[in-house]
Structures are given as structure tokens and as C-alpha cells.
Amino acid sequence: MSTTTRTTGGAIGASLDRIDGPQKVTGTAPYAYEHHVDNPLYLFPIRSEIARGRVTGIDASAAEALPGMVTVITHENAPQLADTSDRELAILQSDEVAFRGQYIGAVIAETFEVARHAAGLVEVSYDEEPHEAELRENDSDLYTPEQLNAGFPTDTEEGDVDEAFSSAAVTLDERYTTPMEHNNPMEPHTTIALWETGNLTLYESTQGAHPVQRTVAQVFGLDRNRVRVVAPYVGGGFGSKGLPHANTILAALAARMIEGRPVKFALTRQQMFTGVGYRTPTIQRIQLGADEEGHLTAIDHDVIEQTSKIKEFAEQTAVATRSLYATQSRRTTHRLAALDVPVPSWMRAPGEAPGMYALEAAMDEMAIACNLDPIEFRIRNEPEIDAETGLPYSSRNLVACLREGAKRFGWKDRDPSPRARQEGRWLVGTGVASSTYPVFRLPGSRATIRYEGDGRYAVEIGAADIGTGAWTALIQISADAIGVSIEDINLRIGDTTFPFASVAGGSSGITVWGSAIFEAARVFRERHGENPSEGDEVQARTPDNPETENYAMHAFGAYFVEARVDVDTCEVRVPRMAGVFAVGRIINAKTARSQFIGGMTMGLSMALHEESLVDGRFGHVVNHDFAEYHIPTNADVGTMDISWIDEDDPYVNPMGSKGIGEIGIVGSAAAVANAVHHATGVRVRDLPITPDKLLR
Ligand code: MOS
């Protein structure tokens, strides 16, 4: 069977330097805004200053009088879009305002400076209506979405949860909250849009060139082949670039009005805090029941989160709780509040990251209540099969990760009592948490392999490398799939000119793109043998994996954290974190390590730093810059000990790999929170753990 064919070429697994590294450090790898275009214009958006209501008047006379001004676009003169069913994307189609910061117009000018200045001169009047922009637990309008992101069911129940709680020897019932967070890749969302003779070209900072092509074609009512999206290099993407947002439509609308000249639009850092998605805040209640020996008998995880009135996004916060631990009874629920806010969306491990913070903090509390070491408590509740599907795991090595991590980190002599260790001003504690992330398989990707003579093969697929190392990993995969060395591969990605590739999201890229390449290589050999002629070419699609019917496929990991808390100021420092992963085969040790470090750093950040603060009176995020929305710098991050266990999974895909982009953040915030509790004896259940909460 093709899915179990293993490669022996040796390129997969090599710790190869990034092949795009030299171009990136010399500044010759063009990011979206840097593509050379002739005679560009610059766009600066006009954004609503109210959270709900209507635009009643726009006076652009002062703006239009500026030298270098080209035009002002508003709903009064914007072209009509063909498909307005996605209300996040249907901008400038009416006078309606659905959230503060929504695009209600744009200024186009000869320079960025003139565009920005002119946008500030446009006077807008509104008819304002009352709005609600803050998530409240007691919101009377909470509703049950039909399904969750990625198609997961909204609520699940197995066994008799209520009966299990009433007869449990040990119970826990706690509430955990996580804040709104915003994606902050170093490169902001950026587009250069150019209309020429009915064809639209977009140089776009995106996690998926083809998904952008399809959406934009639909919104504008164009044939797909009239839209080309180019994205060879992307300066980071944590989910916000996974789906096109209104900024891309705005740039395309402007370019259509100015046919023939390219329009450049890069969001400012402040604009990144509106309209490109964000992690919903969550309010989570977790109830756990266990018997005298510390075997879980009941798990209940109930989630409240927000969505936007114009478009539903229902995050899958409690899905990991559906299978991580063994129990006879289990319930999960998700409820949404629809608010006058921008549409929430993906941010690294949407669902698992906030949900596993709560579950793994609760597991720490429960271990203490059961008088068990938190590692032993988890091992005691290791399941035989995946409770959600009833299937065995293709491979599950969570216990091995916990044991290996305990050894590497030095867990053995830990005094379980909180606040037991002080070194000078510092209270010192350690914490642990588990991690899991599903192996997603998105349909439809295709790869082309063409023999280009002299032993060289072209491999073409529209995949995006968002900084993860996909350029390098896909060359390694191609070399082994075709049976040549990496020098013999001409890889071409990041452009809709190449075959369709699904989004770099859900940690699925290597699984589906790599499978397409392996399939193309198999068909190529079948048709053209070992001695092909120049120009011989094959295109193949990611095949279905029949093993997904037989096995549940998930990646696992375990984190260990040392936290130090200043006894007076409650400043928290994290001098060391360890992560051990069971993620199938590692394609490239060097780039994989970077993914784990990045994910764990983001978990550390989730635990201690990140929080978007909404001013409910106006409906916007007030700390919308790097001065006030803190993401970690080198000074915040200590030693990261990254390792993985040798995991041989013959079922997941031909590479034997599981996705690694997201698992690093899942559970790592809980490990930090658990270490802070162990250091101080204070259990903060509302992220981020800022000093004020420890002082209380
Ligand atoms: Mo990632 S949040 O799946 O783009």
C-alpha cells in the first residue's frame, strides 16, 4: 500500500540548512511588498470610528486637495462585488458599520505618506447605534453553534457524567479564562494588487496562494484563472494569513478602480489589531472527578467564547479534552456570544491552545487533590484507544514524552509542596503539562514532477513557506520520493501558477503536500521508469489515506518548566523550559527545532504576556502596538531544551511525519502556570499571569 511505503534515500531526516537562508539574510528574497512593480500607488484605509451604526456622510474635500492624491474610495463609488455572502469580505458595499475599525473607505495616492495624511483629513459622520464588544459570562444571548471550526461537533457526551461526579472520591470544579490575543507575525498583512485587461495579480503575504485565489475570484465573480496569487516568501503566519481578510479585497477593489497601476497596501502594526482575525477570549469551566487511586471517572469541559455578528467563527476549545485522558464519562460544550466585533479566526492551535491551558492546569490541581505526582497522575489516566473515534492510535507516545522529559529536566527529587524552595529573592517552582495536536489532512493538493534533463527534476506545488522551512523540507521529501539527491531538485512553490496546494494551516502542510509529491513520484516512475526523457511530466493529487479509517492520528508532547517569582514584586522569570515531542518522523531536525522553540515561546507568551485589552465603550483594542502588547524578546526566554523520541508511525503518510507547527504552543502555557503555582502556592486561573494577579 502506498501509504506505508517508506523512503530510504536519507534526505528526509537530514539537519539541512534552510535553502532560502542566504536569500533572506541578504535581503534578496522578495516578500509581498517588495516585489518590483512599475509605477505603484499606495493605499491607506479609512476605518470606522464607531462600533455599530451607519455612515451618514463622507467629506473628502480636504483630502482631495492634497498634491499627490489620486482618489478616495468609499461605499458611494466602490465597484459592486459579485458575491457578498461573506460579510467580512463584503466591504464598501453599504453604509453599514459592524465593528470599530472596519474599512469604510481608502485613500489612494502617489506616496504612502500622502495617502496616510489624506486619510486623516477625511471627515466621516455617523448614525451610531448601541454596541456590545465585550465577552460576558452571563450574556443572555449565548447560543449553540451548529458545528465548530474544522467541522468538529459542538457538544459531546459519553457515559453518565452527573452520576460519576456525585460518586467521585475527589472532585474539582474550576473556572479558567484566556484573553483575546492577536497574531503578530513580523511581516504584516500585505498586498500588491494589479488589474490588467481583466486579470488580477496579487503579491500577497499569505499562508495559501490558492485559497486566496479561490476566495478573491468568487468575491469578484471572476474565473479562477484570471486571478494569480504570488507568495514565494512570507514573514510569518500564525493563522491570520490562513484565510484572506478584508484588506486583500480592499487592495483588489482599489486596483480595479485604477486599472493598469499596481496598488500597494501594507497594514500598520496598529491595523494588525483589527480585521485580520484574532484568538477569541474564552471562559472555561472544568469539572473533574476521580476515584481514590486517582483514576479519572468524569471530565466536563464547558466553554464560552465570542464570535462576530457578521460571520460566525466557533473555536474548538474543548476538542482535545474529548480524547486526551481515559475516563468512563465525559462531556464537552461550546457556547458563543455574537458581538459587534471583528471576526475571530485562527491563531496557532486555535482551540487546543486555550483549551489545553485550562485542562492541563486543572489536571495539575487534580493531581495535588489526589496526592499524586502530576506526571504519575497523567500516566495513570493514559487511555487505550481514542475515546472520540473509538479507534486505536496510529502511535501515541505521550507517556514516553513525560518519562523522557522527567529525566532530562531532573524531576525526580522535586518536593511536591508549593512554595517550598526559595533562592534569595526568588521563589522557585517547576511544572509539567501534556500536549496533543491532531494530524489534519486537507484535501485537493497536487504536485507536478517533470524531468528537466541532466538528472534534474522540477517539483512544482503552490505551497506556502511561511517561515517554517517548507522550502527546505519539501526539497528533502522530493529527493527521497524521486530517489535523487537534494541538489537534483528544482523546487517551485508559492504561486498559483503551480498546482493547487491547500493552506499552510492546521499543521497539515507537510502531510498533504509531501503525500502529493510522493504520489507524483510513484506515478512518474510507473510511467517513465528510471530513465526518463527530458520533458516527461506527471501531476498527482494527495491520495486518500485509508488508514484514517483504522487509526486515530495525533501528535503528542510534554513540557517541563522552571519558574522563578520575585518574592516582593511577583515578577515571573522562566529560566528553562523543556519540550519532548512524539511527532512521527522529523523531516529536518534544524527547522523542526525552530518550530518547537517558536511554539513553546508563544506558549510562554500566552502564559505571561499576551492580552488584547478591549475598551468596551468604544469597541477597540487599546494596547494595539508592541509597546503595550508584549510578545517575548530574547530577555524573556531562557534555555529551551528541545528533544523528540524516535517514533515510527507507518500509518500517517509516506514520510511517517506528523505536523509540528502548532503542537509547541499547546499545553506549554499550562506548564508555565503550573510552575508558577508550585513556586508561589498561588493559583492564577486567568491568563496572562501578571504580577498584580499574584500579589492579590
Ligand atoms: Mo494555523 S492557526 O492552523 O494557520
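**A sheet and two cores, asked and answered**

In this predicted model, four strands make up an open sheet with mixed pairing, ordered S20-S19-S18-S21.

Q: What makes S20 and S21 edge strands?
A: Look at their partners: S20 (489-492) and S21 (537-541) each have a single partner strand, so one side of each is left without a neighbour in the sheet. From one strand to the next, the twist averages 15°.

Q: How do you know that S18 and S21 are paired?
A: Pairing takes at least two bridges. Strand S18 (residues 446-451) and S21 are joined by five bridges, so they count as a pair, and they run antiparallel. Along the way, Ala447 stands opposite Ala540 in S21.

Q: Which strands does helix H10 touch as it packs on the sheet?
A: Helix H10 (residues 470-482) touches S18, S19 (457-460) and S20, and its direction makes about 135° with that of S20. Helix H11 (residues 509-528) packs on the sheet too, touching S18, S19 and S21.

Q: Why is Tyr357 called part of a nonpolar core?
A: A core is a set of buried nonpolar residues, Tyr included, joined through side-chain atoms within 4.5 Å. Tyr357 is among those with the most contacts inside the largest core, which has 143 residues, so Tyr357 fits the term. Helix H7 (residues 352-369) gives the most to this core, with ten residues. Domain 2 (31-349) and domain 3 (351-439 + 555-696) each supply at least three residues.

Q: What does the second core include?
A: This separate core has 42 residues, including Ala481, Leu491, Ala501 and Ala540.

Note on methods:
Residues numbered from 1 in each chain as written. Predicted model: local features only at pLDDT ≥ 70, side-chain atom pairs only at ≥ 80, totals over all residues. Heavy atoms only, no water. Axes fitted to C-alpha atoms, helices over the stretch in contact; angles between N-to-C directions. Contact = heavy atoms within 4.5 Å. Buried < 20%, exposed > 50% of the residue type's maximum accessible area, 1.4 Å probe, protein only. Domains from an automatic or database assignment.
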